[in-house]
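Me: I would like to learn how to read a structure feature by feature, going from a general idea to the particular case. Could we take one in that way?

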Amino acid sequence: AELLRGYGGELAELMVDEIAKPSSEAEDEVERTAELIHFYSEEALRMEGEYLRADVWPGMPMTKKAWVVRVPLGVVAAIVPFNYPVNEAAPKLVAALVTGNTVVYKPSSQGAMTSLHLAHIFQEAGLPAGVLNVITGKGEDIGNTLVCHPLVAAINFTGSTKTAQTICAIAPLKKLVFGLSGKDAAIVLKDADIDLAAEQIVEGAFAYSGQRCTAIKRVLVEQTIITKLQTAMIAKLEKTKLGDPRKENTTHGPVISDESAEFIMSLVDDAVEKGAKIIYGGERKGRYIPLTLLDHVDNRMRIFKEEPFGPVLPLIRVKDVHEAVAVANSSPYGLQGSIFTADLALAMQVAEKLEVGTVNINGKDSRSPDHFPFLGVKASGVGVVQGARYLLHEMTRPKVTVLNLPETE
C-alpha cells in the first residue's frame, strides 16, 4: 500500500495519458486503492474455519467431528476492463494473492501500461516470481486460451455481459466471479429533496464521462416534478468542464474510443428520431461528447434498454412509484439502483422490490466503501466481485476433514 502511494503520481499520469481519466479522478483512484490493499490484507487475517459436531443429528455419535477450513482455489484468471486499471484490478489481485492463489492477470489493452506498472509495484513489494503473471493483448486473441486453460480454477472477470456469456459457454466447471453490465435506475419521487437528487444523479451518472458499470443510466421521475428536477440538474451540469483531462479545471474528458463515441451518439440519434428531446448537451466533437440529458424517452427507443457507457442520461416519466418499480425491473440487468424520497418506510419497501444487487436510498450508486459487498444479479453478475470479506471467501473454497474417534466407555 505504501509503495503504491509512492508511485501514485506516475500511476495517475499513466491513467490520464492512456484512458483520458481527469487528473483528480486518477489521483483519487490511486489513494482509494492503497486503502483497499491495506484493508483486504488485514481482513484476510480474520478468516476463520469451523468445528462441527455430528451428535447434533439423531443417532450420530459424539466421536464424529468435522473441521472446515478455507483453502485456495489454485490459479485465478483476473480480467480487468479499461476504466479502472488500478482500483478494479487491486481487489481481484489482492483477494486472490492473500488467500494463497496464484494469478494470471489480463488487463485491457487500453490501460495496459498502467496495469504493468501496477504489477511491477507488487513485484517490488516482494511478491515471489511466478505468483503474479501479466499477459497483455487483445481479449479476442488470448482470452479464450486463458479462460479455457485446464490449470485455471477460477475466473474473476469484469466486463460486458456478452463476453461473460461466451466465457460461460467455453469454460464450464470453473469458479466464476463476474461483474457485468448495468442499466442502473434512479427513482425520484415527488416528495424527494430535489437539490440532493440532482446533485447525486449528476455525480452518479457522469463521473468519468459515464464509463462505469455503476453509472446511473436512467432516471425514472414522477412527472409532476420533472421540470423542477431538470432545472436543478442543468444547474449542476453548467458547473462542469469538458476538455483536456490533463488540465486541472477539467471535470470530464473524452470517451475511450471513436467506436464508443459513435455507439453512444447512435443511441442519441435513435431517441431523437423517435421523439425524445435533448434538453442539455448533445453536440459531439470527435471523442468529446458533452454531458447530455434526454427527456421524453420511452420504451420504443434503444437507450431505454441499452447501456450507453457514456455521458448520456435518459429521463423517463412515470406516474407513480409502482410504475417506477415496474420499469426499473423490466431491464435484464440488475446491478444497482437508487431511490430519492423523504418517506424512508416507502424507500425500504421499494428496496425490497428492486431486482438489483444494491439499493441506495437518497444517494448515488457506488462501489465504495470497499468493504461493502458489491454484486449484480440477473445479467449483471455472478458472485460477489468486491467487498473485502466477501471477495476473500469467493477466492477460497471450504475443505472438510472428518475425524472418527474411537468410542470410549
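**Reading the model**

Reply: Let us start with one residue: Val134 is partly exposed, its relative accessible area being 30%. Please keep in mind throughout that this is a predicted model. Val134 belongs to strand β5, residues 132-134, and once its neighbours within four places in sequence are left aside, it is in contact with Tyr105, Pro107, Leu116 and Ala119.

Me: How far apart are the C-alpha atoms of Val134 and Glu25?

Reply: They are separated by 25 Å, for a pair that is 109 residues apart along the chain.

Me: How should I read salt bridges, and how many are found in the whole structure?

Reply: The general idea is to look for a side-chain nitrogen of Lys or Arg within 4 Å of a carboxyl oxygen of Asp or Glu, and a search of the whole structure on that basis finds 21 salt bridges. One of them joins the side chains of Arg5 and Glu35, with N to O at 2.6 Å. Because Arg5 sits in helix α1 (residues 2-6) and Glu35 in helix α3 (residues 23-44), this pair ties together parts that are 30 residues apart in sequence. Both ends can also be placed by accessibility: Arg5 is partly exposed at 28%, and Glu35 is partly exposed at 43%.

Me: Which residues are linked with Arg5 and Glu35 in a network of salt bridges?

Reply: The network links Glu2, Arg5, Glu31 and Glu35, so a pairwise list is best read together with its connections.

Me: Which parts of the chain does the pair of Arg32 and Asp370 link?

Reply: Arg32 forms a salt bridge with Asp370, and their closest N and O atoms are 2.8 Å apart. The pair links distant parts of the chain, with Arg32 in helix α3 and Asp370 in the loop between β15 (358-361) and β16 (374-375), 338 residues apart. Here the two ends fall into separate accessibility classes, since Arg32 counts as partly exposed at 25%, whereas Asp370 counts as buried at 11%.

Me: Where do Glu355 and Lys378 lie?

Reply: These two form a salt bridge in which the closest N and O atoms are 3.1 Å apart. Glu355 lies in the loop between α12 (344-353) and β15, and Lys378 in strand β17 (residues 377-378), so the pair ties together parts that are 23 residues apart in sequence. Glu355 is partly exposed at 38% relative accessibility, and Lys378 is partly exposed as well, at 37%.

Me: Turning to cysteines, how many disulfides are there?

Reply: The test is whether two cysteine sulfur atoms lie within 2.5 Å, and by this rule the count is zero. Cys148 is in no disulfide, for the nearest cysteine sulfur, that of Cys168, is 12 Å away. The sulfur of Cys213 is 17 Å from its closest cysteine sulfur, which is in Cys168, and this is too far for a bond. As for their surroundings, Cys148 is partly exposed at 36%, while Cys213 is buried at 14%.

Me: How do I read burial along a helix, and how many of the residues of α4 are buried?

Reply: An α-helix has 3.6 residues a turn, so residues three or four places apart point the same way. In helix α4 (residues 89-98), nine of the ten residues are buried, so this helix is largely enclosed by the rest of the structure. Among the buried residues of α4 are Lys92, Leu93 and Val94. Just after α4, Gly100 takes a positive phi of about 95°.

Me: What covers the buried residues of α11?

Reply: Helix α11 spans residues 321-329, and its buried residues are Val321, Ala324, Val325, Val327, Ala328 and Asn329. Their cover includes β8 (185-188), β9 (218-222), β12 (312-318), α12 and β17. At the start of α11, a side-chain oxygen of Asp320 comes to within 3.1 Å of the backbone nitrogen of His322.

Me: Which residues make the nonpolar surface patch?

Reply: Tyr51, Trp67, Leu403 and Leu405 make a nonpolar surface patch of about 360 Å². Of these, Leu403 lies in strand β20, residues 396-404, and is partly exposed at 36% relative accessibility.

How values were computed. Residues are numbered from 1 along each chain as its sequence is written. This is a predicted model: local features need pLDDT of at least 70, side-chain atom pairs count only at pLDDT 80 or more; totals for chains, interfaces and linings use all residues. Side-chain values use heavy atoms; hydrogens and water are left out. Helices (H or I, at least four residues) and strands (E, at least two) are DSSP runs, numbered from the N terminus. Buried means under 20% relative accessible area, exposed over 50%, partly exposed in between (1.4 Å probe, protein chains only). Contact means heavy atoms within 4.5 Å. A polar contact is a pair of N or O atoms within 3.5 Å; within protein, one must be able to donate a hydrogen and the other to accept it, and residues adjacent in sequence count only if both atoms are side-chain atoms. Patches are made of residues with over 30% relative accessible area and no salt bridge: like charges are joined within 9 Å, nonpolar side chains (Val, Leu, Ile, Met, Phe, Trp, Tyr) within 5 Å. Accessible areas come from the Shrake-Rupley method with a 1.4 Å probe; for residues, only the protein chains shown count as cover.
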